[in-house]
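Student: Please take a close look at the internal empty space of this model, and at one enclosed cavity in particular. I should like a connected account of what surrounds it.

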Amino acid sequence: MVVVTTSVSKSNDAPPDRAGDYRCTPGEDLVTALLGACMIGGLLTDAWAHTNIIDSIESFFTPWHAMLYGGFTAVAAWTFWLALRRRGATPRWWRDGWPVGYALGAIGAVGFTAGGLLDLVWHSFFGIEASLDIAFSPSHLLLSFSGMLLLTSPVRSWWAAGDGGMRAAAGVLALSLGTVFGSILLTAFTVFQTMHPTRAYDHVNRSPSYLQASLGVGSYLITTVVLVVPLLMAHRRRPTPGTATALVAITSLFACAVYELPGTQTAAALGAIAGAALADVALARLDATRGVDAPLRLPIAGGLFAALVWTGHLLAMHLASDGLRWSAELISGTVVFASAIGVVLGCLASTPRPTVPAMDRS
């Protein structure tokens, strides 16, 4: 009877006295994810400003930075409050009071603060970055990594609890937002801003056309890794319909919004989202028929996701423009190559199966 009473008192809704067992409620995880969405909104306005009106930006203190750091302050304050409110039961709350999954988020908050101060100093000495320089600023690298840690706290909470419903929704949203923040410095290499398949390829080695086509193919492969890795990380723990769609939708529309939603790229993004939705349906069906412990589950998921998303992307780009001008080899090979990368990543993400020792016949 004592054991039953102790188990009930240590539910997710009531923080236990023992450090390390405290979990946020699904509602608290959702609050974290929604505040993270506000932070991503600030990031979007800052990225838009860097892209479209950089010539008029001469200071670190801009409305766009205010929106970004305002969103960060809200997420960081909420994260610290979740631990601070346990200071009565856990005097050393700064070490032991973090809910499951949120300690790394707190480290991310500290890192983001340091990155913001470094960014202020960097801009003061070297000015405001433009174009490709943005991706290689040390302060921006620190901000990107730290922001990803902070925003993905609900993901780790979701994986630790293993719940569905509201916690799963918060986890999927946070996973998508963290993917955006973690890959923001790869914007120059994302496929969602490219028009390379619509440009003629002259088949001449090292020509400008050759280099453009190479960059185009590379952008598909890089974006495949950016999207497949978080998908597999979620899929291996708990099948959750909508994960693929959310990842592709938030990542692609963010990239398009930075450039004010150009027609062809936005149409291609919608095609990719449709492909991701089909992938969600297919993966759910496969899990229902084969089971979550089926052999090659993750390699199939990675390959199928890449094939459907990029087929939808290229088909929509073809319909929204004057047509694709790449050769059949480049178009089909890009999809196959990306699918192969998805399969390889799925193999790496799979848990090795224990080998059954052979029977001793001696």
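Tutor: In this predicted model, helix H11 (263–290) and helix H12 (297–320) each contribute at least two residues to the lining of the second largest cavity. H11 holds the largest share of that lining, with four residues. The volume of this cavity is about 60 Å³. Its lining consists of His 235, Leu 283, Leu 286, Asp 287, Arg 290, Gly 291, Arg 297, Ile 300 and Ala 301. Sorted by class, these lining residues are four nonpolar, two polar and three charged.

The wider setting is as follows. Across the whole structure, a search finds three cavities of 30 Å³ or more. The largest cavity encloses about 170 Å³ of space. Lining the largest cavity are 15 residues, and those nearest its centre are Ser 183, Leu 186, Thr 187, Thr 190 and Thr 251. Two or more residues of this lining come from each of H8, H9 and helix H10 (243–258), and H10 gives the largest share, four residues. In class terms, the lining of the largest cavity has nine nonpolar and six polar residues, with no charged residues, whereas three charged residues belong to the lining of the second largest cavity.

An open site may be set beside these enclosed ones. The second largest pocket holds about 360 Å³ of space. Among its 17 lining residues, Met 148, Leu 175, Thr 179, Pro 230 and Met 233 are the closest to its centre. Helix H6 (138–151), H7, H8 and helix H9 (208–235) each give two or more residues to the lining of this pocket, which comprises eleven nonpolar, five polar and one charged residues.

Technical notes:
Residues numbered from 1 in each chain as written. Predicted model: local features only at pLDDT ≥ 70, side-chain atom pairs only at ≥ 80, totals over all residues. Heavy atoms only, no water. 1 Å grid on protein atoms, 1.4 Å probe; cavity = no way out; pocket = protein on both sides within 12 Å on 5 of 7 lines; lining within 4 Å. Points joined across faces, edges and corners; volume = space filled by probe spheres on them. Nonpolar A, V, L, I, M, F, W, Y, C, P; charged D, E, K, R; others polar.
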